Amino acid sequence: MDLTHDDVRLILDLVDGHEDIEYLELRLGDLHLIADRTGHGRSTPPAATPSAPDATRSAPAAPDPAPPAPAASGATGSRADASEASPAAEPGPPAGSAAAAGGEVVTVTAPVVGVFFTAPEPGAPPYVEVGGRVGEEDTVGLIELMKMFNAVPAGVRGEVVRILAANEEFVEFGQPLLEIRPEPGR
Amino acid sequence: MSLRRLLVANRGEIAVRVIRACRALGIEAVAAVSEADKGSLPARLADRAVCVGPPRSAQSYLNRQALLATAIGTGCDSVHPGYGFLSENAAFAAACEDAGLTFVGPRSETVREMGDKLSARRLAERHGVPVVPGGTAPGGPADAVAVAERLGYPVLIKAAAGGGGRGIRVVHEPDELPAAFTGAAAEAEVAFGDGTLYVERYVAQGRHLEVQVFGDGKGEVLHLGERDCSLQRRYQKIVEEAPATGVPEDIRTRARDAAVRLATNIGYRQAGTVEFIVDQDRGEFYFLEMNTRIQVEHPVTEQITGIDLVQLQLRLAGGEPLALGQRDVGFAGHAIECRITAERPADGFRPSPGTITGWRPPYGPGIRLDTHCEPGYRVPPYYDSMLAKLIVHGRDRADATARTLAALADFEIDGIDTNLAFLRAVLAHPDFAADRITTRWVDDAMAKGEIRMPIPAEENR
């Protein structure tokens, strides 16, 4: 049985609508979906092992359905300018995962803070290029956190439409890295 | 060479406090924030805010690697750890040193030595600082009985490796000792992986006295007077004052001398606090621990000395000499700090996160409010419940108390439960006016029903 990206969104919306569901883990063949409202994960070993051998972390196949709302939602009134001046103050997509933006493209965000690398090593061809196609578990980049390299999985199957972070750029947790237009997978 | 850019590795009011001090000195501040704090006041006040991880502290404010990577990645030359979180984590201080970052605090080896209870106690003893009389009981309960006989009952049995109140037993009678010993040893083994116990004299009627010190790391150490933090509940301080008018002058003088001696002998650098328990019945004071960081209650010292401790930290970290001598430190008036928390005192002080719909703080002469809160702020459930520190300065203790009571009466917070009514009741109590507070006072007064509070519905009109 195959799930499309829309199916995944539907499942997550269902979870989102039931506050008493704190954690959901679904295995269907080689698809492994984790929806974790608590944000701290479970001890279950990740099934969707990122393709890079030096990966230290695997992102869940689906976004956290209930990212905590930014503390200042509605609080920024008189401080709107300050809020806009600081990129970090803007509510971003859930971090460490792919998230649908506008229903069409999916934004892949940084699962950890660190230095983003678009290629496995200097001089090597980049993991992905605009127009290229990726599978859900393909690595789209690395983030170095104190000499530990964390593979960033695409999280969704599709076409890379935009690369937002530069090679060797310092990225924060949750920062958008690239956009993928999902394609039906199998 | 002054600091150029500093990573604020903390959140809440202390992050705001550090950022403001940076601004005053022309240092750029980078706020490390968790996902839950992205829109918070410190995130907006800082020159740059970087999200370092998810809301849970373990993945953000306690995540050494993420914080170091952020400091390096944003080009910081220094890190201020605030209090709590990684402020007394020797490994973090060492990692900053290794990465060439100036850690605004003592050397990592000092943090390590003072973080270990037994080594801190040994250091204190070596430098002539009185410690609570006690001893180890390597041979088990029989040894403990012998130590207790020598000390006199009641005694405290505690885990050598301990902290946080675990593995601690108060023993009033010799027959209670063996069972208490066995229980504490088991608890210590589970909690700390080390069942080694320590027996010491139990100070039943104690006052918490602490001395603020500041060292330049080259042997020069000043004291900035002392604070009385006896008003506690379950080892959590609620109200702090400076100076400690309820403690006899000779004890205060000796405690200051002892604190300066200890800090001088270890070449202490930066702000630190030496904590003592004062045994009212015996007229003695004993070393408890040394906190190697800026403390929550540092503002009461600032208010009576006029010295900005955080700016002093940043100046010293930037390589400036300590441009102060002991004779430059003067004391004026009395200051009281109340910790305003999002808790329901009527319900066992249960934390009460939620959205602050109304925030009307008091204003007036002598009133200072250190906070990260504002109307519309959503108090996240992930961190401690402190909302603000109300610090009030008066010409003497009675004046400061009256001003604090007036300020507490004016303070209105809507949308969440707070301890404001509890604080009003405590400060209005005759024992507070009479300066008769011990570390057990809150528990006793509550048990006796002496702290009366309106029901929460009335409080949150």
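## Exercises on two open sheets

Strand β7 of chain A, residues 139–145, is paired with β8(A) in the antiparallel sense, and six bridges join the two strands. The model is predicted.

**Exercise 1.** Place this strand pair in its sheet in chain A, and explain which strands have a side without a neighbour.

*Solution.*
1. Begin with a single bridge: A:G141 has A:V152 in β8(A) as its partner.
2. Next, read the order of the sheet, which is β8-β7-β5-β10 in chain A. The sheet is open, has four strands and is paired antiparallel.
3. The edges are taken by β8 (148–153) and β10 (169–171) of chain A; each has a single partner strand, so one side of each lacks a neighbour in the sheet.
4. Finally, consider the twist: with direction ignored, neighbouring strands of this sheet are turned by 35 degrees against each other on average.

**Exercise 2.** Determine the strand order of the four-stranded open sheet in chain B, and identify the helix that packs on this sheet.

*Solution.*
1. The order is β6-β9-β7-β8 (chain B), with antiparallel pairing.
2. At the edges stand β6 (134–136) and β8 (169–171) of chain B, each of which pairs on one side only.
3. From one strand to the next, the twist averages 20 degrees.
4. Within the sheet, β7 (residues 155–159) and β9 (residues 197–201) of chain B pair in the antiparallel sense over five bridges. In this pairing, B:L156 lies opposite B:E200 of β9(B).
5. The helix is α8 (residues 177–192) of chain B, which touches β7, β8 and β9 of chain B. The direction of α8 makes about 25 degrees with that of β7(B).

Terms used: Residues numbered from 1 in each chain as written. Chains lettered and ligands numbered in written order. Predicted model: local features only at pLDDT ≥ 70, side-chain atom pairs only at ≥ 80, totals over all residues. Heavy atoms only, no water. Pairing = 2+ DSSP bridges. Axes fitted to C-alpha atoms, helices over the stretch in contact; angles between N-to-C directions. Contact = heavy atoms within 4.5 Å.
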